[in-house]
Amino acid sequence: MAHYRRTRDDSLLACEPLCIEDYGLQAEAFTSPPKWHLAHTSWFFETFLLKPFLPDYRPLDERYEFLFNSYYNGVGTQFSRAQRGLLSRPTVAEIRQYRAHVDRAMEVLLSDGDHPQRATILARSRLGVEHEQQHQELFYTDLKYSLFANPLLPAYRDAAAAGDAGAPVHALSSKLQWREYGGGLVRVGRDVEQGDPGDFAFDNEGPANTVFLAPFTLARTLVTNAQFQEFVEDGGYRRPEFWLADGWAVVQELQWQQPLYWLERDGAPMHFTLYGLQHRESSQPVCHLSGYEADAYASWAGARLPTEFEWEHAASEQWVHAPTVAVDKLHPATAAGEEPLLQLYDDCWQWTGSAYRPYPGFQPAPGAIGEYNGKFMANQWVLRGGSCVTPQGHTRPGYRNFFYPQDRWQFSGLRLARDI
Ligand SMILES: [Fe+2]
């Protein structure tokens with residue numbers, strides 16, 4: 001219950017810097033307005049917990065089932081994703097009432113320790129909490145994209161108020177360091193136990209299985225702005241020899257010349273951040289790359305993207321549970337620290353060269369809830385790690401994030417790999 005309440009509160013806290021006009025922003029079809037995220041996360045609890053398991057539950061408004069369904073065909077048809085920004089009604093105040101309505105009912109459901117479906121309720125509630133955390137990250141990435149569409153380049157929050165000190169005092173040298181791994185047969189993935197809400201993994205992280213890894217090296221740190229700038233200046237975006245064919249086609253079509261949010265002002269390197277327009281620090285990780293750009297950079301650098309299993313194997317060796325003190329930052333930071341691999345979870349998601357496909361033996365859950373992950377296992381790439389806007393405690397070595405390789409509005413960067 002505490003985890004539920006805290007997560008629900010966090011979604012509202014993230015909205016505090018917004019003005020009322022911001023709640024409806026949707027710059028592109030692939031982004032969603034803040035208001036919609038607030039409603040859809042409530043819809044999830046209503047659809048998958050309250051309606052099936054709380055006998056006296058009455059929806060606040062029956063029409064919300066259609067309005068705030070994202071992609072669950074088993075529940076019914078959905079309002080057009082591309083037009084979510086047109087939903088000026090229900091108002092923000094009405095959506096807050098919807099959230100409160102769902103929360104009151106969830107309190108009743110979660111307090112019923114004798115419910116015959118207690119184990120399923122706890123497991124699904126945990127899924128609902130993790131789902132809401134995923135939307136908290138999307139809230140930031142979608143909002144950043146939409147604010148960037150405004151020529152005034154408005155800041156979500158003031159950098160000084162956020163206490164983000166920028167580059168750390170003990171920044172590492174800019175020389176790339178490598179860590180070697182022997183490979184062999186290694187275990188990856190997790191056997192996800194239904195009904196154990198204390199030990200959560202999404203269904204796409206299992207079943208556990210064994211893979212063979214040839215010896216490999218991973219870069220200790222993420223590729224930086226300065227390193228990526230060299231690729232740009234070397235004509236990287238104009239030289240097809242570094243690009244996958246599909247990636248080259250996207251570069252031609254969209255006329256990409258540098259990462260999303262990079263700008264120059266009076267010759268100075270700048271970029272758009274959630275703190276507004278900022279100087280682009282050379283030592284910070286390059287961010288908002290598509291998978292194609294990450295792959296092209298790796299080719300140019302004489303390296304490659306890691307596979308998702310190389311990443312997981314290496315990250316598992318140094319896994320400690322997420323720190324309890326949240327780092328309040330809305331932009332990736334310069335590498336610092338003593339661990340073998342740095343910047344695993346707190347800066348940029350890392351593209352891997354692995355296709356997002358099911359593990360051997362994977363079975364989606366029966367019913368509409370089985371649509372959560374399984375039906376997206378085509379034409380996407382896996383990203384590993386976490387980012388500066390991933391909620392605290394949401395990540396782990398086996399976590400499989402996934403996006404289309406042309407997507408670049410997430411906080412996505414790269415860590416190089418090489419064969420030994
Ligand atoms: Fe969702």
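**Close-up views of helix α4 and the β1-β4-β12 sheet**

**View 1. Exposed and buried faces of helix α4.** On the other side of α4 from its buried residues, A93, R104, E107, V108 and S111 are exposed (12 or fewer other C-beta atoms within 10 Å of the residue's own, with C-beta atoms placed from the backbone). I95, Y98, V102, A105 and M106 of α4 are buried (20 or more such atoms). These buried residues lie on the same side of α4 because they cover an arc of only 105 degrees around the axis, taken from the directions from the helix axis to the C-beta atoms. The structure is a predicted model, in which local features need pLDDT of at least 70 and side-chain atom pairs count only at pLDDT 80 or more, while totals for chains, interfaces and linings use all residues. Residues are numbered from 1 along each chain as its sequence is written.

**View 2. Span and packing of helix α4.** Helix α4 (residues 92-111; helices are DSSP runs of H or I, at least four residues, numbered from the N terminus) has 20 residues. From first C-alpha to last, α4 reaches 28 Å, close to the 28 Å expected at 1.5 Å a residue (1.5 Å times one less than the number of residues). Its buried residues pack against α1 (2-14), α2 (34-53) and α3 (64-67), with contact meaning C-beta atoms within 7 Å.

**View 3. The open sheet β1-β4-β12.** Three strands (DSSP runs of E, at least two residues) form this open sheet with antiparallel pairing, which requires at least two DSSP bridges between two strands. β1 (178-181) and β12 (417-419) stand at the edges, each with a single partner strand, so one side of each lacks a neighbour in the sheet. Four bridges join β1 to β4 (residues 216-219), and Y181 stands opposite F216 in β4.

Note on methods
Two residues are in contact if their C-beta atoms, placed from the backbone, lie within 7 Å.
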